[in-house]
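Open the model in your viewer and keep the sequence panel beside it. We will go from one stop to the next, with something to select at each.

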Amino acid sequence: MKLIHLTLLATLFASNVQASSPEEWLEHDKLVRKTCLAKSDLKNKKVLSSPILFSDDMGGYTALVIGGGYPQKHMQGQESRELCLFNRGTGKAEISVADSLMPTK
């Protein structure tokens, strides 16, 4: 009997969670792109992937792959890949070099 009550309670709480609208996700994607591109130091940078959403259970992150050329003179514009993790709760992004993530063209 307790299991039934717990199941009903969990269902009630789960039904109160509302998904964002398609328009809100489009705005989110624009914000992620803008924030990640601004955070990157690559030259001629561009977004190489669609947003990759991680659940709120994992901290509410959206990942994005950015590509461009290394800005350092000695790298002679060699292509690079970066992984940007955007925290949906804080609106902050962190960049890490991810050259092995995707092959360069």
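**A tour in four stops**

Let us start at Leu 85, which sits in strand β4, residues 79-87. Bear in mind as you look around that this is a predicted model.

**Stop 1: Leu 85 and its patch**

Select Leu 85 and show the surface. Is Leu 85 buried or partly exposed? Its relative accessibility is 33%, so Leu 85 counts as partly exposed. Now add Ile 52, Phe 54 and Met 58 to the selection: together with Leu 85 they form a nonpolar patch on the surface. The accessible area of these four residues comes to about 370 Å².

**Stop 2: helix α2**

Next, select residues 22-39, which are α2. Try a distance between the end C-alpha atoms of α2: they are 26 Å apart, in agreement with the 26 Å expected for 18 residues at 1.5 Å a residue.

Which residues of α2 are buried? Colour His 28, Val 32, Thr 35 and Cys 36, and you have them. They cover an arc of only 95° around the axis, so they lie on the same side of α2. A helix makes a turn every 3.6 residues, which is why residues three or four places apart point the same way.

Give a second colour to Pro 22, Glu 23, Leu 26, Lys 30, Lys 34 and Ala 38: these are exposed, on the other side of α2. To see what covers the buried residues, show the strands; the cover includes β2 (52-53), β3 (61-69), β4 and β5 (93-97).

**Stop 3: Leu 42**

Follow the chain on from α2 to Leu 42, in the loop that leads to β1 (43-47). Leu 42 has a relative accessible area of 5%, and therefore counts as buried. Select its contacts beyond four places in sequence: Leu 42 touches Ile 66, Gly 67, Gly 68, Gly 69, Tyr 70 and Pro 71, as well as Ser 80 and Glu 82. Then pick Gly 77, which is 35 residues from Leu 42 in sequence, while their C-alpha atoms are 9.2 Å apart in space.

**Stop 4: the whole chain**

Finally, zoom out and switch to the cartoon. You will find two helices and five strands, in the order α-α-β-β-β-β-β along the sequence. Of the 105 residues in the chain, 25% are buried. Among contacts between residues at least 6 apart in sequence, 43% join residues at least 24 apart. With the surface back on, the chain exposes about 7900 Å², of which carbon and sulfur atoms supply 59%.

How values were computed: Residues numbered from 1 in each chain as written. Predicted model: local features only at pLDDT ≥ 70, side-chain atom pairs only at ≥ 80, totals over all residues. Heavy atoms only, no water. Helix = DSSP H or I, 4+ residues; strand = E, 2+ residues; numbered from the N terminus. Buried < 20%, exposed > 50% of the residue type's maximum accessible area, 1.4 Å probe, protein only. Contact = heavy atoms within 4.5 Å. Patch = residues over 30% accessible without salt bridge, like charges linked within 9 Å, V, L, I, M, F, W, Y side chains within 5 Å. Areas by Shrake-Rupley, 256 points an atom, 1.4 Å probe, with all protein chains shown as cover. Salt bridge = Lys/Arg side-chain N within 4 Å of Asp/Glu carboxyl O. Expected span 1.5 Å × (residues − 1). Arc of directions from axis to C-beta.
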